[in-house]
Amino acid sequence: MTTDAEGFLLPVPDEDGAPFWEYAARGELRVQACADCGRLRFPPRPCCPHCQSFASRWEPMSGRGRIWSFVRPHPPLLPAYAAQAPYNVVLVELAEAPEIRLAGNLVSAPDAPLDSVDPARLRIGAKVQVAFAEQGGMTVPRWLLAAS
């Protein structure tokens, strides 16, 4: 990980994961799939763990999911995060692929601060929808509560 000008951590795309970030920059949530057996996999990797094929493609996801787990970090933290603490970090299970879980933050709007959702609204199983925000020259997925 690297940091942006404010000190927030940024992902460092590798060769296998670069397409994930390229699609995110276009506002698309996609997950790597094996082009031979069709199984989805995350994190991205060169070889399918199910059939050992090196062929892959990127499947579009709806961006819908549910909170599988969450934490609320408290200080001491990295300095850039301390002002927004405590904030939430969620693990989201994708609707189309419950075996795939993505980490992120539940926010009130794509560009809202990390502490923008009342902690009382956090609950396991809450339905969420992906949103994308620009941070330090990268587009990162974040999560919004979905209308029930």
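How many bridges join β6 to strand β7, and in which direction do the two strands run? In this predicted model, strand β7 covers residues 89-94, and 6 bridges connect it to β6 in an antiparallel arrangement. Strand β6, which spans residues 64-71, is also joined to strand β9, residues 127-135, and here 3 bridges link the two strands, which again run antiparallel. Gly 65 is a useful residue at which to see both pairings, since it stands opposite Val 128 in β9, while its bridge partner in β7 is Leu 94.

The side chains that belong to this region can be followed from Arg 101, which takes part in two kinds of interaction. Arg 101 lies over the face of Trp 68, at 3.9 Å from the ring centre, and Arg 101 also forms a salt bridge with Glu 93, in which the closest N and O atoms are 3.7 Å apart. The two partners of that salt bridge differ in their accessibility class: Glu 93 has a relative accessible area of 12% and is therefore buried, the limit for that class being under 20%, whereas Arg 101, with a relative accessible area of 32%, is partly exposed.

A search of the whole structure finds 5 salt bridges, and some of them are connected to one another, in that Arg 26, Glu 28 and Arg 30 are linked in a network. Within this network, Glu 28 meets the side chain of Arg 30 in a salt bridge with an N to O distance of 2.7 Å, and the salt bridge between Arg 26 and Glu 28 has its closest N and O atoms 3.4 Å apart. How is each of the residues Arg 26, Glu 28 and Arg 30 classed, as buried, partly exposed or exposed? Arg 26 is exposed, because its relative accessible area is 56% and the exposed class begins over 50%; Glu 28, at 25% relative accessibility, counts as partly exposed; and Arg 30, with a relative accessible area of 18%, is buried.

Turning to the aromatic side chains, the structure holds 5 aromatic pairs. One of them is formed by Phe 8 and Tyr 81, whose rings meet edge-to-face, 4.8 Å centre to centre and with 85 degrees between the planes. This pair links distant parts of the chain, given that Phe 8 is in the loop between β1 (2-3) and β2 (9-10), Tyr 81 is in helix α2 (residues 79-82), and the two are 73 residues apart. Phe 8 and Tyr 81 are buried, and together with Tyr 87 they form one aromatic cluster. Another edge-to-face pair is made by Phe 20 and Trp 21, at 4.9 Å centre to centre and 85 degrees between the planes, and both of these residues are buried.

The last stop is Ser 53, which is found in the loop between β4 (40-41) and β5 (56-60). Is Ser 53 in the buried or the exposed class? Ser 53 counts as buried because its relative accessibility is 9%, and the class takes in values under 20%. Its side chain reaches the backbone nitrogen of Ala 55 at 3.0 Å. Leaving aside the neighbours within four places in sequence, Ser 53 is in contact with Cys 34, Asp 36, Pro 46, Cys 47 and Cys 48.

Conventions
Residues are numbered from 1 along each chain as its sequence is written. This is a predicted model: local features need pLDDT of at least 70, side-chain atom pairs count only at pLDDT 80 or more; totals for chains, interfaces and linings use all residues. Side-chain values use heavy atoms; hydrogens and water are left out. Helices (H or I, at least four residues) and strands (E, at least two) are DSSP runs, numbered from the N terminus. Buried means under 20% relative accessible area, exposed over 50%, partly exposed in between (1.4 Å probe, protein chains only). A polar contact is a pair of N or O atoms within 3.5 Å; within protein, one must be able to donate a hydrogen and the other to accept it, and residues adjacent in sequence count only if both atoms are side-chain atoms. Contact means heavy atoms within 4.5 Å. Two strands pair if DSSP finds at least two bridges between them. Rings of Phe, Tyr and Trp (its six-membered ring) pair if their centres lie within 6.5 Å; planes under 30 degrees apart count as stacked, over 60 as edge-to-face and the rest as tilted. A charge sits over a ring if NZ of Lys or CZ of Arg is within 6 Å of the ring centre and within 35 degrees of the ring normal. A salt bridge is a side-chain nitrogen of Lys or Arg within 4 Å of a carboxyl oxygen of Asp or Glu.
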